[in-house]
Amino acid sequence: DYFLGSNVSVETLALAFVVLVGIVYVTKTIQYFLMHTLHRFSVDSGVKDSFIALVGYFGWGLGIAIALSMAGIRMQNLAIVLGALSVGIGFGLQNIVNNFVSGIIILFERPIKVGDWIVVKGNEGIVKRIHMRATEIETFNKATVILPNSDILSNDFVNWTHSNLLGRVEVKVGVGYDADVLAVKEILLRCAAN
């Protein structure tokens, strides 16, 4: 009775559930529309993905808040209890919360974005997805590495394509000391050209 209002019934709970499902469906539809519409404009893929993810977070948060309110749950009393619980939960879920906040920082600051070529903790590959908790990287051997977002922000990493798509790769070649240097140079340039 401390949390619930006087007008709670099965009908209001069912209506709140339907509203939640409807808001989530509308959110997914808006995300799908944005994903296909933003291709027409010269919007960076990292900005596009960040914006679409934030629209999803906002839609879910709004849907849950409206559904709880419609179900007759007293928000001020719930906020007091959740505030007290958050201290205890914070210690238990500290790592998850750290990864979630790090994911939001990655979406806003954009030190990496989808499509970037990065090297983190010995893992090298292309960023495929940035989730709430972790970032998905596809290595050049087609393996998927899932790194917690906090690992990316708390460790040094190399982003080969952060501000420039052009890069330089060093290829070490060993030849005999008696080899003709000009012939080796010509062969290597032909290989690179092909």
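**Exercise 1.** Is Arg 190 buried, partly exposed or exposed, judged by its relative accessibility?

*Solution.* The classes are set as follows: buried means under 20% relative accessible area, exposed over 50%, and partly exposed in between, with a 1.4 Å probe and protein chains only. Arg 190 has 48% relative accessibility and therefore counts as partly exposed. The model is a predicted one, in which local features need pLDDT of at least 70 and side-chain atom pairs count only at pLDDT 80 or more, while totals for chains, interfaces and linings use all residues. Residues are numbered from 1 along each chain as its sequence is written, and side-chain values use heavy atoms, with hydrogens and water left out.

**Exercise 2.** Identify the salt-bridge partner of Arg 190 and place the pair in the fold.

*Solution.* Step 1: the criterion is a side-chain nitrogen of Lys or Arg within 4 Å of a carboxyl oxygen of Asp or Glu. Step 2: Arg 190 meets Glu 186 in a salt bridge, at 3.5 Å from N to O. Step 3: both residues belong to helix α6 (residues 181-193), and because they are 4 residues apart, about one helical turn separates them. Step 4: Glu 186 is likewise partly exposed, its relative accessible area being 49%. The general background is that an α-helix has 3.6 residues a turn, so residues three or four places apart point the same way.

**Exercise 3.** State how many helices and strands the protein has, and give their order.

*Solution.* Step 1: helices (H or I, at least four residues) and strands (E, at least two) are DSSP runs, numbered from the N terminus. Step 2: the count is 6 helices and 5 strands. Step 3: read from the N terminus, the order is α-α-α-α-β-β-β-β-α-β-α. Step 4: of the 194 residues in the protein, 26% are buried.

**Exercise 4.** Test whether the length of helix α1 agrees with its number of residues, and list its buried positions.

*Solution.* Step 1: the expected span is 1.5 Å times one less than the number of residues. Step 2: helix α1 (residues 10-37) has 28 residues and should span 40 Å; its end C-alpha atoms are 40 Å apart, so the two values agree. Step 3: the buried residues of α1 are Thr 12, Ala 16, Leu 20, Ile 23, Val 24, Thr 27, Gln 31, Leu 34 and Thr 37.

**Exercise 5.** Derive the strand order of the sheet and describe its pairings.

*Solution.* Step 1: two strands pair if DSSP finds at least two bridges between them. Step 2: the 5 strands form an open, antiparallel sheet in the order β4-β3-β2-β1-β5. Step 3: β4 (144-148) and β5 (157-159) are the edge strands, each pairing on one side only. Step 4: neighbouring strands are turned against each other by 35 degrees on average, direction ignored; the axes are lines fitted to C-alpha atoms, for helices over the stretch in contact, and angles run from 0 to 180 degrees between N-to-C directions.

Step 5 concerns the individual pairs.

- β3 (residues 134-139) is joined to β4 by 5 bridges, and Glu 138 has Thr 144 as its bridge partner in β4.
- β2 and β3 are joined by 5 bridges, with Gly 125 partnered by Thr 139 in β3; the two strands form a hairpin with 3 residues between them.
- β1 (residues 117-120) and β2 (residues 123-130) pair over 4 bridges, and Val 120 stands opposite Asn 123.

**Exercise 6.** Which residue in the hairpin of β1 and β2 takes a positive phi, and with which residue does its side chain form a salt bridge?

*Solution.* Step 1: the hairpin has 2 residues between the strands, and Lys 121 takes a positive phi near 50 degrees, although Lys 121 is not a glycine. Step 2: the side chain of Lys 121 meets that of Asp 151 in a salt bridge of 3.3 Å, N to O. Step 3: Asp 151 lies in helix α5 (residues 149-154) and Lys 121 in the loop between β1 and β2, so the pair ties together parts 30 residues apart in sequence.

**Exercise 7.** Characterise the salt bridge formed by Asp 116.

*Solution.* Step 1: the partner is Lys 113, with the closest N and O atoms 3.4 Å apart. Step 2: both Asp 116 and Lys 113 are buried.
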